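Hi,

Here is the structure I promised to pass on. Have a look at it first, and my notes follow underneath.

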Amino acid sequence: MIPLDPDGEDILEAVAKIGRDGVPPPSAAVDATGSSDSPSLYVGKLDVSDETPSDTFLDMTNWTKGIAWVNGHNLGRFWSIGPQQTLYVPGCWLRKGGNEIVVLDFFGPRGKCEVDFVGKAVLDVLQLDTDFNRVRRAHEKFAGGEEVAAGTFPSGDASQVVMFGKGVRGNYFTLQAVTTYDAKNLATISEFAFLDRDGNPMNALDVQITGVDSEEEIREDGVAENAVDGQIEAFWLTSSRTLPHWIEFHVPAKAEVFGFRYTPRQGKDIGRIKDWKFFAR
Ligand SMILES: [Ca+2]
């Protein structure tokens with residue numbers, strides 16, 4: 001394994017060096033399994049006994065993100081989130097005897113430092129939990145707080161303004177969708193904003209989403225951040241069909257809010273919230 005300095009050595013040069021000088025000894029950055037979580041080149045050998053090697057697939061399911069080569073042939077890119085988990089290896093790129101496998105992985109293998117060759121392509125396996133860009137929620141269970149308000153939104157596209165009649169202080173605020181107009185019990189929010197004493201949006205609040213009962217990430221982009229991204233077109237959409245749904249908003253500095261504005265998904269009944277409750281803590 002050859003750890004790479006992201007700001008230093010050129011990757012192609014490093015690959016060329018492997019071909020010229022063989023594999024340098026592992027560095028101190030390598031753990032007991034022989035892997036590293038920094039960008040590294042991994043070199044392995046595949047022994048083939050057939051005179052005419054068959055086509056095969058390199059299974060990268062347990063690696064993270066990078067590129068693989070066989071005997072200097074670039075097999076393409078891999079990324080653990082999928083859906084493609086294997087890289088096609090034409091038989092004509094293999095030869096009887098030793099074959100050199102080079103893997104560039106920017107984050108290293110997740111588990112054993114080895115690759116498998118399999119007889120069938122794997123093109124439909126998602127591993128979204130391995131996405132390093134995926135937002136980690138601080139709260140996975142409904143934490144609630146003091147119930148500040150409750151009500152029923154009408155159906156339709158119009159934004160709904162709710163004023164509490166007093167200032168409410170807190171770091172965490174949760175809107176709970178108790179029922180929806182949606183036959184599948186999905187919930188969506190196009191935009192959510194806290195309102196000040198005069199009913200104006202508090203745009204300076206650095207609102208973050210710290211918890212949500214579910215969010216659609218596979219069929220479409222329904223991540224919870226879409227509820228506070230300032231774009232009407234982008235919306236939070238639940239993936240769960242079990243009521244109640246909830247979304248927790250966090251403001252880093254304890255804020256006093258006087259109400260909120262809920263803008264439903266436009267033009268479609270899917271996910272329209274009906275009965276709701278609002279909590280603060
Ligand atoms: Ca939005």
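A good place to start is the pair of strands E4 (residues 65-70) and E5 (residues 73-79), which run antiparallel and are joined by six bridges. Within that pairing, isoleucine 67 has arginine 77 in E5 as its bridge partner. The two strands form a hairpin with two residues between them, and asparagine 71 takes a positive phi there. Keep in mind that this is a predicted model.

Asparagine 71 is worth a second look: its phi is about 50° although it is not a glycine. Most residues other than glycine have a negative phi. Asparagine 71 counts as partly exposed because it has 14 C-beta neighbours inside 10 Å.

Asparagine 185 also has a positive phi, about 65°, and is not a glycine either. You'll find asparagine 185 in the loop between strand E10 (160-177) and strand E11 (188-189). With 17 C-beta neighbours inside 10 Å, asparagine 185 counts as partly exposed too.

Then there are the cis peptide bonds. One joins glycine 82 and proline 83, with omega about 5°; proline 83 sits in the loop between E5 and strand E6 (86-89). Another joins leucine 243 and proline 244, with omega about -5°, and proline 244 lies in the loop between strand E14 (236-237) and strand E15 (245-263).

As for the whole chain, it has one helix and 16 strands. Of its 281 residues, 30% are buried. Taking contacts between residues at least 6 apart in sequence, 80% join residues at least 24 apart.

Cheers

Note on methods:
Residues are numbered from 1 along each chain as its sequence is written. This is a predicted model: local features need pLDDT of at least 70, side-chain atom pairs count only at pLDDT 80 or more; totals for chains, interfaces and linings use all residues. Helices (H or I, at least four residues) and strands (E, at least two) are DSSP runs, numbered from the N terminus. A residue is buried if 20 or more other C-beta atoms lie within 10 Å of its own, exposed if 12 or fewer, and partly exposed in between; C-beta atoms are placed from the backbone. Two residues are in contact if their C-beta atoms, placed from the backbone, lie within 7 Å. Two strands pair if DSSP finds at least two bridges between them.
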